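Q: Could you take a close look at the aromatic rings in this one? I'd like to know which rings pair up, how they are oriented and where they sit.

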Amino acid sequence: MKQGSSNTTAGNTGANSSTNDKPKNIILGKDGKPCRACNTLQDFLGSQPEKKRAMQPRSEKIQSECPPDVEELGRSTWTFLHSMAAYYPENPTAMEQIETAQFIRTFSKLYPCWSCAEDFRKFIAKPENAPRVSSREALSRWICGAHNEVNRKLGKQEFNCNLWKKRWLENDEC
């Protein structure tokens, strides 16, 4: 999955769409329109200074009523995936393992940001990156590794996967 798209050129332009009237850093959806889930709010406002100024102090109420941009969607998704892994059974049944692997494959097809979903599908298609669902530990480390792969692509700091349990399950400081 990929968050932040400020350095990405327009993706799928659709059959009847022209990219000449769209900023180059906007990723387009399969329908040729700017993809809200694939771009940041700043990407949308980058070429529209008057809107940027008008939106500057966004109240929490207004922000909560707006569709998520790629950054908010990504943060929420990673929180969900890490939490799901942290509460996964320590010794899952064969069926739980099958269902979890299927969930991850399905998730990679349904994720709202199509370019992020495509990246994630390519990632899990590599044999060395196949979802590890044999235990809570294995899944949590696999999710952490997948997240770190995205962080590397985005130039973000990686998380120490040895600390997954403290971060997502047993932090006594919280």
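A: Here's a walk through the ring pairs, followed by their surroundings. Quick housekeeping: this is a predicted model, where local features need pLDDT of at least 70 and side-chain atom pairs count only at pLDDT 80 or more, while totals for chains, interfaces and linings use all residues. Residues are numbered from 1 along each chain as its sequence is written, and side-chain values use heavy atoms, with hydrogens and water left out.

Searching the whole structure turns up seven aromatic pairs (rings of Phe, Tyr and Trp, the last by its six-membered ring, with centres within 6.5 Å; planes under 30 degrees apart are stacked, over 60 edge-to-face, the rest tilted). One of them joins Phe80 and Phe103, edge-to-face at 6.2 Å centre to centre with 65 degrees between the planes. That pair links distant parts of the chain, 23 residues apart: Phe80 belongs to helix H4 (residues 70-86) and Phe103 to helix H5 (residues 94-110). Helices here are DSSP runs of H or I with at least four residues, strands are E runs of at least two, and both are numbered from the N terminus. Phe80 is partly exposed at 44% relative accessible area, and Phe103 is partly exposed too, at 32% (buried is under 20%, exposed over 50%, partly exposed in between, using a 1.4 Å probe and protein chains only).

Then there's Phe107 with Phe120: their centres are 5.8 Å apart and their planes at 90 degrees, so this pair is edge-to-face. Phe107 lies in H5 and Phe120 in H6 (residues 114-125), so the pair ties together parts 13 residues apart in sequence. Both of these phenylalanines are buried.

Zoom out a bit, and ring pairs connect Phe80, Phe103, Phe107, Tyr111, Phe120, Phe123 and Trp142 into a cluster. Some of those names come back in the largest nonpolar core, which has 27 residues; Tyr111, Phe120 and Trp142 are among those with the most contacts inside it. Such a core is a set of buried Ala, Val, Leu, Ile, Met, Phe, Trp, Tyr and Cys residues joined through side-chain atoms within 4.5 Å. H4, H5, H6 and helix H7 (136-154) each give two or more residues to this core, and H6 gives the most, with six.

As for the overall fold, the protein has eight helices and zero strands, and 37% of its 174 residues count as buried.
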